[in-house]
Amino acid sequence: MIQTSGVIICLGYIFGLLFTAVPWGGVGILVLGIVGAILFKRRTILQQFAQKPENAGSKKKAVPNTWQTPHPRIWLAAGLVGLLATLYFQWRIPQPGAKDISQFVPPGNSSNQEQLVIVRGEVASNPRLTRSQRGQFWLQTTQLDEVKNDKGSAGVPQGVTGKLYVTVPILQATGLYPSQQIAVTGILYKPKAASNPGGFDFQKFLKQEGTFAGLIGRQINVLDRERKWGWWQIRERIVRSQVRWLGIPEGPLVSAMVLGSKAVDLPYDIRDLFVQAGLAHALAASGFQTSLILSVILQLTKRARKGTQFTLGFLALIIFLSLTGFQPAVLRAVIMGFAALVGLLLKRKVKQFGSLLLAATLLLVFNPLWIWDLGFQLSFLATLGLVVTVPALVNRLAWLPPAIAALIAVPLAATIWTLPVQLFVFGVVPSYSLLLNVVSTPLISIISIGGIISALVGLVWTDAGSFLAGVLHYPTDWLIKLVDFFSNLPGNSVAVGSISTWQLLAIYILIILVWLVRWWQRRWWFANMIAICLVFIPLWHSKNTLFRITVLESGTEPIVVVQDRGTVTVINSGDEGTGRFTIIPFLQQQGVNQVNWAIATDFQGNESNAWFELMQRLPINNFYEYSPQIDNSITTQAIQQELQKHQGIYQPLAVGQSVKAGSIVAQLINDQLPILQLQILDQNWLLVGNVKSKEVQQLVKNGSLPRPQVLWCAPESLKDLVIALQPQVAIASSANFDPKTLSELNQSQTKLFFTGRDGAIQWTPNGQFEAFIESTENKSSVL
C-alpha cells in the first residue's frame with residue numbers, strides 16, 4: 001500500500017517524464033509543486049479552523065478530519081522529483097557511441113548505394129517474417145569488414161558495437177537462433193523518419209530499441225553452430241507443440257494469446273484482423289494471463305502454507321516473464337502480481353491503484369523511455385480503468401445479472417481510458433469493438449486457459465501438449481470467424497482524425513473529474529457529451545472549411561490528395577505497399593471515411609494493386625481510370641467488382657476528357673506520355689511522367705505543355721521541364737540530386753521540392769507550400 005505522500009511523489013515522477021514533451025517541462029513541474037505546496041498549506045489551515053467548536057464554552061469536541069492533506073514539503077519534493085525525471089529522461093535517451101555500427105554508414109541514404117559490407121556479430125532474437133516476405137532479426141555487432149571488389153575480398157576488419165535491424169531472404173534466416181555467431185553480407189543504411197503525415201516513423205522505432213542503422217542482408221555465413229541454452233528453446237517447444245495439431249493460423253494464434261504476439265511469429269493477416277476489429281489486446285500477454293496463472297496456482301495450493309503459495313506463485317510469474325520477454329505490459333502485470341502475493345503473505349489487502357502506480361513508477365525508473373511506448377501507455381490506462389471504473393460501472397449495471405454486468409463493465413472501462421490515446425495516435429474508432437469484446441470474452445478465456453495448460457504439458461510431453469492444443473481447434477476457429485465477421489460489417493471502423501494534444505488533455509481531465517469528483521459522477525452523461533463534442537466539432541469544422549492539397553512521398557508515381565471542404569479526391573495510388581502504409585494512414589489521420597473521386601493514370605506503366613487495397617478499407621464513389629494497356633486486366637475487373645459493392649461508379653478516362661471533381665478539373669492532355677493537367681482554383685498544375693529531353697522539347701514546341709504554376713515530374717526530366725516551362729514551384733520524387741544541376745536550377749525563379757528529401761508537400765490557398773519533414777523538425781525543435 002502506498003501512502004498519500006508516496007502517491008504524490010510517484011505522480012510527480014510520472015508527470016515529470018510526460019512534461020518532457022513541452023519546453024522547459026522540468027521547470028514547469030517544479031513550479032506546479034511549489035504552487036501545490038502553497039495552495040494546500042492554506043487549505044490545511046482552513047480545515048483546522050473548521051474543526052473548532054462554534055462556541056468557545058462548548059464541551060463538544062471537534063470532529064477529527066478523516067483525510068490529512070500532505071505536508072507542503074511533499075509537494076515540493078514531488079516537483080523536484082519531476083524536474084529530476086526530465087533530466088534523467090534526457091540522460092537515458094539512446095545515443096550512438098564512437099564505435100557504433102551506425103557511424104560507419106556511408107553519407108546520405110546508403111540503402112541506395114551498392115557498397116557491400118560484412119558484419120559479424122551475435123543473433124539477438126529469433127527470426128521473424130516481414131510483410132515483404134523477408135526474414136528479420138536483431139544482430140549484436142562485433143566486427144565490420146568492407147568488401148573491396150566483386151569477388152568478395154574484404155578490407156581491414158574493425159571492431160564495432162551496437163545493434164542492427166537485419167533483413168535477409170527468408171531461406172537465409174531459416175534455422176537461426178539467438179546467441180549464434182554469424183557473418184552477414186549486405187548493405188548498411190540509416191533508417192528514415194516518417195515522410196508523410198500518419199506514416200510509420202522507422203527511425204523513431206529503431207531509436208526506441210537503441211538501434212541507429214539497418215542492414216539489407218544478402219547472404220549469411222554461420223560461424224558457430226553450437227546451440228546454447230536459452231528461454232527461446234522453451235518458447236519454441238511450446239509453439240511447435242501447439243502448431244503441430246492446430247495448424248496455421250490457429251496454432252500461432254493460441255501461442256500468441258499465451259506468450260504474446262511479440263514472442264510468436266503470428267501471420268500478419270491474423271494480426272491485422274484483430275487490430276482492425278479492436279481486439280489487439282487479446283494478442284498481448286499481460287494482466288489477463290497473469291491473473292489466470294496466479295488463480296490456478298493459488299487454487300491448487302489453497303491448503304498449503306502462505307509461504308508455499310508465495311514461492312510457487314513467484315516462480316510461476318518469473319517463468320512466465322522469461323518466456324514472454326521483458327515487455328512493458330508483461331512487466332507491469334507481473335509486478336502487480338508480486339504485490340498481490342506479498343499482500344497474501346502478509347495477510348494484508350493490497351490496494352490495486354497503489355500497486356499499479358508503484359509498478360508504473362518502477363518500470364519508468366528502469367526505462368524512462370517507456371513513457372512514450374504505446375504498449376506501456378495502453379496497458380497502464382486499461383488497467384487503471386479496470387481498477388477505478390469497473391466498480392462504478394458494475395453498480396450502474398446492478399439491474400443485470402452480476403456475471404453479465406462484469407462482462408460489459410470490464411471492456412467498457414478499458415475502452416473509456418484507452419480510446420483517447422488511440423484517437424490521438426491512429427484517429428480511428430473500431431465501431432463494434434465493445435460488442436466484440438463482450439461476445440468474445442468467453443472464447444478468449446477458454447483459449448487462454450487451455451493454451452496455458454497445453455503449454456505446460458507440452459514442455460513435459462510434446463504429444464500430450466499437442467493433443468490438448470488440438471482440443472482448442474473449434475474455439476480458436478470460432479474466434480477467428482467471429483473477428484472476421486465483425487471486421488467485414490459495414491462501418492466496422494470510423495476515421496475521426498487524429499485529435500490534438502489539447503483535445504487529449506481535455507478528455508482525460510473530464511474522465512478524471514468523473515472518477516474523483518462527486519458532482520461530475522452524478523453528471524457523467526454531461527461529461528460524455530462534452531468529450532464527444534471535443535472530438536467531433538473540430539472534425540466537422542475542419543471538413544467543411546479545409547481546402548488542402550497534399551503531394552505524398554511515394555517514390556516514382558505522383559500521388560495527390562485534394563481535401564476540398566468535405567470532398568476528397570485521390571489521384572494515383574502507387575503499389576500495394578504505398579496504399580497500405582502511405583495513403584490509408586494519411587486518410588485515416590485526416591478523418592476521411594470515403595473517397596469521392598479517384599483518378600488513376602498510367603504513370604508507372606504497370607498494374608497497381610493499391611486501388612483494390614484502398615477500396616477494401618474506404619468506399620470510392622467515382623473512379624476514373626486511364627490505362628490503355630490493361631483495360632481488361634484482372635486488376636481492373638476486381639476494381640469494378642469492388643466498386644459495385646459500395647455502389648461506386650467506374651468510368652474509363654479518355655485523352656482530352658475533363659473530369660470535374662469538386663473544385664478541381666483534371667484532364668489527360670497526351671495519349672502517348674503520361675501527362676495530367678489539373679486546374680485547382682486559379683492555379684494550373686501539371687503532372688508529367690518520365691519523359692526524355694527530346695520529347696520535352698517537342699511537346700513545348702508544339703504547345704502541348706501549357707505553362708503551369710506547379711509542376712510534378714520525375715527527377716530525370718526536372719531540369720529540361722523547369723527550363724522549358726519555368727513554373728513557380730517544381731516537385732520531384734527524389735532524395736538526392738546532382739549538385740551541379742541543382743545549383744543551376746536554384747538560379748531560376750522556380751522553388752524546388754524533393755519528396756524523397758522533404759517528404760510530403762502540402763499547400764493551402766492562404767499559405768505557402770510546406771514540406772512535411774521540415775515542419776516536423778521545427779515542431780520537434782520547439783518540443
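The following legends describe close-up views of a predicted model.

**Overview. The predicted protein contains 29 helices and 24 strands.** Of the 783 residues in the protein, 48% are buried. Among contacts between residues at least 6 apart in sequence, 67% join residues that are at least 24 apart. The views below take up individual helix contacts, aromatic rings, single residues and backbone details.

**View 1. Helix H6 crosses helix H10 at roughly 85 degrees.** The axes of H6, which spans residues 231-246, and of H10, which spans residues 306-324, come within 8 Å of each other. Because angles of 65 to 115 degrees count as roughly perpendicular, the crossing of H6 and H10 is described as roughly perpendicular. On the H6 side the contact is made by Trp231, Ile234, Arg235 and Ile238, and on the H10 side by Ile319, Ser322 and Leu323. Sorted by class, the residues of this contact between H6 and H10 comprise 5 nonpolar, 1 polar and 1 charged.

**View 2. Gln242 of helix H6 is a buried residue.** Its relative accessible area is 0%, and Gln242 therefore counts as buried. When residues up to four places away in sequence are not counted, Gln242 touches Gly251, Val254 and Ser255, and also Gly451, Ser454, Ala455 and Ala469.

**View 3. A cis peptide bond joins Ile248 and Pro249.** The omega angle of this bond between Ile248 and Pro249 is about 15 degrees. Most peptide bonds are trans. Pro249 is placed in the loop between H6 and helix H7, the latter covering 250-259.

**View 4. Helix H15 and helix H19 make contact in a roughly antiparallel arrangement.** The axes of H15 and of H19, which covers residues 501-516, come within 10 Å and cross at roughly 175 degrees. Since angles over 145 degrees count as roughly antiparallel, H15 and H19 are assigned to that category. The residues of H15 that make the contact are Ile416, Trp417, Thr418, Pro420, Val421 and Phe424, and those of H19 are Thr501, Leu504, Ile507, Tyr508, Ile511, Ile512 and Trp515. By class, the contact of H15 with H19 has 11 nonpolar and 2 polar residues, with no charged residues.

**View 5. Leu407 of helix H15 is in contact with Val438 and Thr441.** Helix H15 covers residues 402-425 and includes Leu407, which at 28% relative accessibility counts as partly exposed. The contacts with Val438 and Thr441 are those that are found when the neighbours of Leu407 within four places in sequence are left aside. Leu407 and Val438 are 31 residues apart in sequence, while their C-alpha atoms are 6.0 Å apart in space.

**View 6. Trp138, Tyr165, Phe200, Phe202 and Phe205 are linked by ring pairs into a cluster.** The protein has a count of 28 aromatic pairs, and one of these is formed by Phe202 and Phe205, with 6.4 Å from centre to centre and 20 degrees between the planes. Because planes under 30 degrees apart count as stacked, the pair of Phe202 and Phe205 is called stacked. Phe202 and Phe205 are 3 residues apart in helix H5, which covers residues 202-208, and are therefore separated by about one helical turn. Phe202, at 17% relative accessibility, counts as buried, whereas Phe205, at 28%, counts as partly exposed.

**View 7. Lys163 lies over the face of Trp138, and Arg271 has its charged end over the ring of Tyr268.** In the pair formed with Trp138, Lys163 is at 4.9 Å from the ring centre. In the pair formed with Tyr268, the charged end of Arg271 is 5.0 Å from the centre of the ring. Trp138 also belongs to the cluster of ring pairs in the preceding view.

**View 8. Arg565 and Leu681 each have a positive phi although neither is a glycine.** Most residues other than glycine have a negative phi. For Arg565 the phi angle is about 50 degrees, and this residue is found in the loop between strand S11 (559-564) and strand S12 (567-571). For Leu681 the phi angle is about 55 degrees, and this residue is found in the loop between strand S18 (675-680) and strand S19 (683-688). Arg565 has a relative accessible area of 42% and is partly exposed; Leu681, with 39%, is also partly exposed.

Notes
Residues are numbered from 1 along each chain as its sequence is written. This is a predicted model: local features need pLDDT of at least 70, side-chain atom pairs count only at pLDDT 80 or more; totals for chains, interfaces and linings use all residues. Side-chain values use heavy atoms; hydrogens and water are left out. Axes are lines fitted to C-alpha atoms, for helices over the stretch in contact, and angles run from 0 to 180 degrees between N-to-C directions. Helices (H or I, at least four residues) and strands (E, at least two) are DSSP runs, numbered from the N terminus. Angles under 35 degrees count as roughly parallel, over 145 as roughly antiparallel, 65 to 115 as roughly perpendicular and the rest as oblique. Contact means heavy atoms within 4.5 Å. Ala, Val, Leu, Ile, Met, Phe, Trp, Tyr, Cys and Pro count as nonpolar, Asp, Glu, Lys and Arg as charged, and the others, Gly among them, as polar. Rings of Phe, Tyr and Trp (its six-membered ring) pair if their centres lie within 6.5 Å; planes under 30 degrees apart count as stacked, over 60 as edge-to-face and the rest as tilted. Buried means under 20% relative accessible area, exposed over 50%, partly exposed in between (1.4 Å probe, protein chains only). A charge sits over a ring if NZ of Lys or CZ of Arg is within 6 Å of the ring centre and within 35 degrees of the ring normal.
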